[in-house]
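Here are a few exercises to try with the structure open beside you. Take each task in turn, then compare your reasoning with the solution.

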Amino acid sequence: MEYNFSEIEKKWQRFWAEKKSFKAEIDHNKPKFYVLDMFPYPSGAGLHVGHPLGYIASDIYSRYKRQKGFNVLHPMGYDAYGLPAEQYAIQTGKHPEKTTGENILRYREQMDKIGFSYDWDREVKTCDPFYYKWTQWTFIQLFNSWYNKKTNKAENIDLLIREFVTNGNKNIDAACDETETFTADEWNQMSENQQQKILMNFRLAYLSDTYVNWCPGLGTVPANDEVREGFSIRGGFPVERKLMRQWSLRITAYSQRLLDGLDKIDWSDSIKEIQRNWIGRSNGALINFPIEKESANKDYIKVFTTRADTIFGATFIVLAPEHELVDKLTIAENKEQISAYIKKAKNRSERERMAEVNTITGVFTGSYAINPISHEKMPIWIADYVLYGYGTGAIMAVPAHDSRDYLFAGHFNVPIREVVSGGDISKESYDAKEGILINSGFINGMNVEDANNAVIDKVEDLGIGTRKVNYRLRDAIFSRQRYWGEPFPVYYKDGMPYVLDESDLPLELPEIDSYLPTTNGEPPLAGAKEWKTKDGYQIETSTMPGFAGSSAYYLRYMDPWNDSEYFSKEANNYWRNVDLYIGGSEHATGHLIYSRFWNKFLFDIGLCCEDEPYKKLINQGMIQGRSSIAYMIKGNNKFVSYNLKNDYDTIPVHVDINMVENDILDIDAFKKWHSDYKNASFVLEEGKYICGVEIEKMSKSLHNVQNPDELIEKYGADTLRLYEMFLGPLEQSKPWNTLGIEGVFRFIKKLWRLYHDDNNKFFVSDDEPTKKELKVLHKTIKKVQEDIERFSFNTVVSALMICVNELSELKCNKRIILNDLAILLSSYAPHIAEELWQLSGHKECLSYTSFPKFREEYIKENTITYPVSFNGKMRFKIELAVDLSNQEIEKAVLTTQDAQKWLEGKDPKKVIIVPKKIINIVI
RNA sequence: GCCCAGGUGGUGGAAUUGGUAGACACGUUGGACUUAAAAUCCAAUGACCAUUGCGGUCGUGCGGGUUCAAGUCCCGCCCUGGGUACCA
């Protein structure tokens, strides 16, 4: 029989689906193993070859683990809410639910062809009311919770209210917004509205005013990547930052726990480092700087600093343009200049403000503060390099010891005073935390650390500041002015938000006429006719962001069809958390931090039993697109081949990569591709049109999306799976190309021939295998096992190739060898492996067969070939018995002719022998 | 700007703990089989020098350093990719 991959693959895919081979069920007799992929956003371009990269790796691991005796949970679903579907809806009027549904079907169809061992009975979609009921439910729990710093966990808001009723808030230590102290009496006399306002300071899901990108021209809030240089990419309208009342999640309450949790999970150091930096813990102090002004001597500027030791070098104060004291501090004659500056600065994105380190801008308010330690007068400036969202939005600037302050001071001629010795401040600031304090009053002569503590102690004694641990992490803005997201289970009464009753969930999205914001700039849901509770209260018109549905989906997979609870205790206690999570590193500071937070909250309220969701994380690299470029001569419907383009003035045009093979353009296809090019003409080289190449993101708009379908059609899923792994290390980014896929296909065919005779008839022999054959097999078992376990998926393919090459050379067709080979291969190329397994007479499915056991004795050697180096350079090899002592090795080597030649009669200075590795002779 | 990752033949990559650089493939060249093609098989293939043969020198982005030994460790730099809080 010929190797007919399309029939074989269809056959086994049908078999696994019908038999539900990969259905996972709780089984207390087996250890569990949970393998999760980051579920995809189903875009209109379909699944491209970058998606399955991680899915194939996780599938290999899942199949391998099953063969190692684990009960594997391996589910898949869809992150179905998102901007592109909404954008498409705005353009076409087509309901996002419809497009999303179509895209999901396409994704599923594509995934089915790759032969994944998912338990499809657990498929979830975040936009399915059956699923998002629990997203909304979680929001209600967040709303009804506060963070008690004393117990260090989230607690029910009722406990807090009870405390307020009996004792006021004096004993409360909570992660909350600033709240004035009140007594029980005061609390009890407040109106409901006042009480609710105070509770809002404590809730883990709360309303507050935050800045958003506001684009009046579009009447909407564009995402950061929809804005470039202050203008919307779509339409080019100006974008300003505007305060808007929005939901936030108090993730900052969990800063320390998010940081500490990193120590007990098996993630790469780099991604942990990214999260540590993102959380950004710093030890410092809050210090109040009084304002020099007769009328308002009570006012002060609160500053956060990590370098209290440098306070004698603080020569000015800088406020963020958004700072609430800016207005008060601006003297009349500076008003105009300052409001112009603020207007400009506010509309720059934070990224711009941080990135543009060389353009120094700022304005002087005209007011002064007093340094509370040195009692010096300090000018108060406003500059946009100080960010409102970090610390207190105000800094004491120490130009001698902070590079940004240094540049600023240099630019505006503010004095620079050295207070820590060790640098040369005439050239640059000295930022290092080493050195001896000078020019610094009572801390002169101290080192940085002691001085820092001394100043903070003093500040605390004086009652003008406190020691403070600050985190860079900010609360997560949780509202989106969009249609296509989970509705908030919230309604408004007298302007105060209340959550729906849990029995009213799910709250489903209403139909609307237009997906655009309303004419007065409200979110699309404001245009819905019946967006009110049965009592007539207005329901929240924002929707939840993308991370809402993806933050705890791993839990829902454990028990996806439970309608009475999120998931059962039983399921959670068995599956616990994810043992292996595979996905892109671009989620490092988004999904992967929100998800950990969300999970810790569910842990606090007793819902899940593990406080970290993902034990082991692997970040797959991004598959970049390889775009093909044609060069159109300006003002002419004429295209010039790549190597001739320099003779013309050209515009690059992205052409669909499906019309290009080995960089040669199919001109007929190109003409048919787009009506504009129907009559195009071409300047060729050697009769061909050669395209240029660009490596960039794989995206529909760049026409460089490679879908897996065509490759499966041509080579089969097994070859695709092997090839994607063979491309290189999973974690590395790499451009996609199909140049090497032929080699993998040849390997598969060569493997097939091992099990067949010259007439293509299945034939394996029952003879005893030879020593050599056993050695080849066991060498491979060892390598495959070790490499899969360390997630080195690409080298396994090489090992299998070497094995097949060597067995072919030995003309091995022994059943004992080939049976094990089929199992070794089966996690990578499951279809052909199952087929060969069945042809060998096995009745049961290969997927649950045990992985072959490695036996050391088959690969043992009596001799070892040593490379012999002279001064570190390899010169020749020598075969020696394994059990020689170092002295015997040295003697054996030095007496060889080869060694004599390289010694040139001299005595070696030193002979280094690393047993079983290398011999190095120093001359 | 800041944080993270990466840079090895013509190409994808291998070298797991500092120990033979280039495994395994692709491509290319030559050959076998064939009327021919496809498929398959065999051989060569880092660069340079030398060549009848034996050989030799250089070489892992660049510049330094540590070591008997550096792709791997340290210092400085260059380039590419990702993230930078409303893309998912």
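The exercises below are about a predicted model.

**Exercise 1. Find which strands pair with β10, and in which sense.**

Solution. Start with β7 (residues 205–214): 10 bridges join this strand to β10 (residues 240–249), and the two run antiparallel. To place the register, take Trp-214, whose bridge partner in β10 is Glu-240. Next, look at β18 (residues 476–477), which pairs with β10 over 2 bridges, also in the antiparallel sense. Here Ser-248 has Ile-477 as its bridge partner in β18.

**Exercise 2. Locate the largest nonpolar core and explore the surroundings of Leu-821.**

Solution. The largest core holds 172 residues. Among those with the most contacts inside it are Phe-139, Phe-793 and Leu-821. Now step out from Leu-821: leaving aside residues up to four places away in sequence, this side chain's residue touches Leu-751, Leu-754, Tyr-755, Leu-777, Leu-800, Cys-803, Val-804 and Leu-807. A second, separate core has 51 residues, including Val-303 and Tyr-430.

**Exercise 3. Describe how the protein surrounds RNA strand B.**

Solution. Begin with the 62 residues that surround RNA strand B; Asp-79, Asp-225, Leu-727, Arg-746 and Asn-805 are the closest. Of the strand's atoms within 4 Å of the protein, 62% belong to sugar and phosphate. Then check the bases: a backbone N or O atom of Arg-472 lies 3.2 Å from a base nitrogen, and a polar side-chain atom of Lys-877 lies 3.2 Å from a base oxygen. Finally, ask which element gives the most to the surface near RNA strand B. That is α25, with 6 residues.

Notes
Residues numbered from 1 in each chain as written. Chains lettered and ligands numbered in written order. Predicted model: local features only at pLDDT ≥ 70, side-chain atom pairs only at ≥ 80, totals over all residues. Heavy atoms only, no water. Core = buried A, V, L, I, M, F, W, Y, C linked by side-chain atoms within 4.5 Å. Buried < 20%, exposed > 50% of the residue type's maximum accessible area, 1.4 Å probe, protein only. Contact = heavy atoms within 4.5 Å. Pairing = 2+ DSSP bridges. Helix = DSSP H or I, 4+ residues; strand = E, 2+ residues; numbered from the N terminus. Near = heavy atom within 4 Å. Polar contact = N/O pair within 3.5 Å; in protein donor to acceptor, adjacent residues only side chain to side chain.
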